[in-house]
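Please open the structure in a viewer and keep the sequence beside it. This tour proposes one selection after another and states what is to be found at each stop.

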Amino acid sequence: MDFIVKNFIELKKYPGRVKLGIFLFFLFCLTSTVQAFSYHDLSWRPEKVGQYEARLKNAKADLAGQEKISYLTYDYKPGSGYENSVIENYYLSQYILAPLIVEKNLRNKYILGDFPWFNYEEILTELSLKIVKNYGEGLLLLTYR
Amino acid sequence: MLLLSLTFIIASSYLLVKFCLPEFVIVPESVLVKVCLISGLSLGLGSLSLFIFLSAQYYLNWNYKITEILFWLVFLAIFIFLHYRTNRERQELAVKNANIFIAIILAVIFGLYLWQSIGQLTQSPHGAWDAKYVWNLKSRIIFRDPEHWTKIFQVNSWAHPDYPLLLPLSTARVWLISRSENQAVPQAMGITFSLLTVGLLYAALAITKGRNTGILGAALLLSTPLFVNLGASQYLDIPLGFYYLASLLLMFIYFKFSDYKILILLGAFTGLSGWAKNDGLLFIVCLLVSFILFSFFKKREKVLKELFFLFAGLAPVLLIIFAFKMMAPIDGLVGRDALADWGKYIFTAERYSLIFAHFKYYFVNFGNWTKGFWFMLIFLIFALGVSRERVIKSDFQISALLVSLILVGYFFVYLISPYELYFHLNTSLNRLLLQIWPSFIFLYFYSLNEI
């Protein structure tokens, strides 16, 4: 108890402006800390790695012996308008399939087609691709015809 | 095996720190300074040694493990020898006691920090964008295929194949030795560096200005939302901030004790900042320039000797960075095409105004603070008063010069950036400012009167 009283007296001895400065300082620190709980960033979005790991599980096993593959999705044409919405899926694929190198081009023998939202038939016809394996939910292992 | 490996690294770092630093009287803060420095050094040396082993093509077999043990044994033997050759007196430290009420507030802020960090790690175990797609991706490639680890140079440009490997190798090292890709390891790295930074900042201020000031500094850092967020997001700006702060503190210790051995350690920590991220290379240049400029203006004659000792610690790390850069693709900033554009960029007035505007914006809105935080910091200057005796000291002046040079350096980097400038500024400037934030807090409180 004496210890607390002593510390309190010590705090009281500070000049008024120092006490006000310390009080304001800690008030701002505490409000910023509390406010940080509501701070939203990319990291606060729902974790997509788990979902994509499950999605790519079978493809990963099939591609185990490969060095590099290509990656194809809706943004295959420049200016398609899908660039921002699908780019993270590409990075996720690379993250999950590592050490396999996933290239965003069509130069490799095998191509991972990732079309989770809608039809891909037209794209495959346009690019002369055929399906080697269909993993479902728009995930395809492709090669050239 | 993991334990044995860690023991060797920690023991070597301990002896290196003990050899280079003066013997302080044992108080919790002097121990904390050493613990933080030894930890940062251990992580850096561990990743450097793995890079040497991987480059020398020692893989995950007995050769690797035996070579590693031999490597660290030799390292230990050298420092045990050096250590016992030096007998030193313990240096007194007058650490002023903390007020219990101020300490309680720090404990509350620290508790909230932990709560928030753990919450974020649980929600996002793989970290945020850069952590996943740059650092942890490289750790995965190195761990999953160590024989072909150079595949990290083939990944997409977003993953910055040219970025140095301190964090990816530190993570991969633990995975390789434990033979398990445990996601808790990169998470622990992120939190460890945050805690090391807070611990070092507190201890550095406590031994120079007293425990109350140390608490204010630690509270300011812990309640910076961006610091908390990026630490738990496993971003490398936090480790880089730690190495900057450690270098700054070592500079202060050098100017207090004028022992050249401290400069060896300063060189090593400065080098490790360059091994953490390319931004750290700018720090190395700024530190050397600040030493030379300061000595020139103050007419100090021993600068050559100082630079010699600094290079003794810096050169081994720089050599490894150089070897790495020889293997990695050339960075977009210094590629041949980019170099050709430098002249054009430097004479474009719009670039200056855009960069100035962004610097202003990110200064004012730095850290995702509660509005008005800068006014509070300015008010605190009036409340506590500036310590004139401190700000005229060489340690403060050279450190302030260093931080200013880094800011000028950042400005210049943006000026010559080959990337889309608006995007580049908006995606990186707040993180660059966060890198120097712990050092800034140290200088800020160092320059104020004690409480």
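What percentage of the contacts in chain A with a separation of 6 or more is accounted for by residues 24 or more positions apart? The share is 61%. The model under view is a predicted one, and the tour begins with that chain.

**Stop 1: chain A as a whole**

Select chain A. It holds five helices and five strands, and along the sequence these follow the pattern α-α-α-β-α-β-β-α-β-β. Of its 145 residues, 26% are buried. The domain assignment divides chain A into domain 1 (2-36) and domain 2 (46-144). Colour these two domains separately: their centres, taken over C-alpha atoms, are separated by 57 Å.

**Stop 2: the strands of chain A**

Next, select strand β1 of chain A, residues 68-72. Three bridges join β1(A) to strand β2 (residues 101-103), and the two run parallel. Here A:Ser70 has A:Glu103 in β2(A) as its bridge partner. Strand β3 (residues 111-114) of chain A is also joined to β1(A) by three bridges, again in a parallel arrangement. To find this pairing, display A:Tyr71, which stands opposite A:Leu112 in β3(A).

Now move to strands β4 (residues 129-136) and β5 (residues 139-144) of chain A. Do they run parallel or antiparallel? They run antiparallel and are joined by six bridges. One pair to display is A:Lys130 with its bridge partner A:Thr143 in β5(A). The hairpin of β4(A) and β5(A) has two residues between the strands, and A:Glu137 takes a positive phi there, near 55°.

**Stop 3: where the two chains touch**

Show both chains together. On the side of chain B, 47 residues are in contact with 36 residues of chain A. The elements of chain B that give two or more residues to this side are α4 (100-123), α5 (129-144), α8 (211-222), α9 (225-232) and α16 (373-384). Which of them gives the largest share? It is α4(B), with nine residues. Sorted by character, the residues of chain B that touch chain A comprise 27 nonpolar, 15 polar and five charged.

**Stop 4: helix α8 of chain B**

Select α8(B), one of the elements just named. This helix has twelve residues, and its first and last C-alpha atoms are 16 Å apart, close to the 16 Å expected at 1.5 Å a residue. How many of its twelve residues are buried? Twelve of the twelve are, including B:Arg211, B:Gly217 and B:Leu222. To see what covers them, add α2 (16-36) of chain A and, from chain B, α4, α7 (184-209), α9 and α19 (421-447), which are included in that cover.

**Stop 5: the largest nonpolar core and helix α10**

The largest nonpolar core has 162 residues, and those that touch the most other members are B:Leu200, B:Leu201, B:Ala219, B:Leu250 and B:Phe442. Its largest share, 14 residues, comes from α10(B). The core also draws at least three residues from each of domain 1 and domain 2 of chain A.

Centre the view on B:Phe442. Beyond its neighbours within four places in sequence, B:Phe442 is in contact with B:Leu201, B:Ala204, B:Leu205, B:Gly217, B:Leu245 and B:Leu248.

Then select helix α10 of chain B, residues 237-257. Why should this helix span 30 Å? It has 21 residues, and at 1.5 Å a residue this gives 30 Å, which agrees with the 30 Å between its end C-alpha atoms. In α10(B), 18 of the 21 residues are buried. B:Ser258, which follows the helix, has a positive phi near 50°.

**Stop 6: two single residues of chain B**

Finally, compare two positions. Select B:Gly274 in helix α11 (residues 260-276) of chain B. B:Gly274 counts as buried because it has 24 C-beta neighbours inside 10 Å. Its contacts, apart from neighbours within four places in sequence, are B:Pro164, B:Gly280, B:Leu281, B:Phe283, B:Ile284, B:Val317 and B:Ile321. The C-alpha atoms of B:Gly274 and B:Tyr163 are separated by 9.7 Å, although these positions lie 111 residues apart along the chain.

Select B:Lys34 in helix α2 (residues 28-55) of chain B. B:Lys34 counts as partly exposed because it has 18 C-beta neighbours inside 10 Å. B:Phe71 is 37 residues from B:Lys34 along the chain, and their C-alpha atoms are separated by 23 Å.

Methods: Residues numbered from 1 in each chain as written. Chains lettered and ligands numbered in written order. Predicted model: local features only at pLDDT ≥ 70, side-chain atom pairs only at ≥ 80, totals over all residues. Helix = DSSP H or I, 4+ residues; strand = E, 2+ residues; numbered from the N terminus. Expected span 1.5 Å × (residues − 1). Buried ≥ 20, exposed ≤ 12 C-beta atoms within 10 Å, placed from the backbone. Contact = placed C-beta atoms within 7 Å. Nonpolar A, V, L, I, M, F, W, Y, C, P; charged D, E, K, R; others polar. Pairing = 2+ DSSP bridges. Core = buried A, V, L, I, M, F, W, Y, C linked by C-beta atoms within 7 Å. Domains from an automatic or database assignment.
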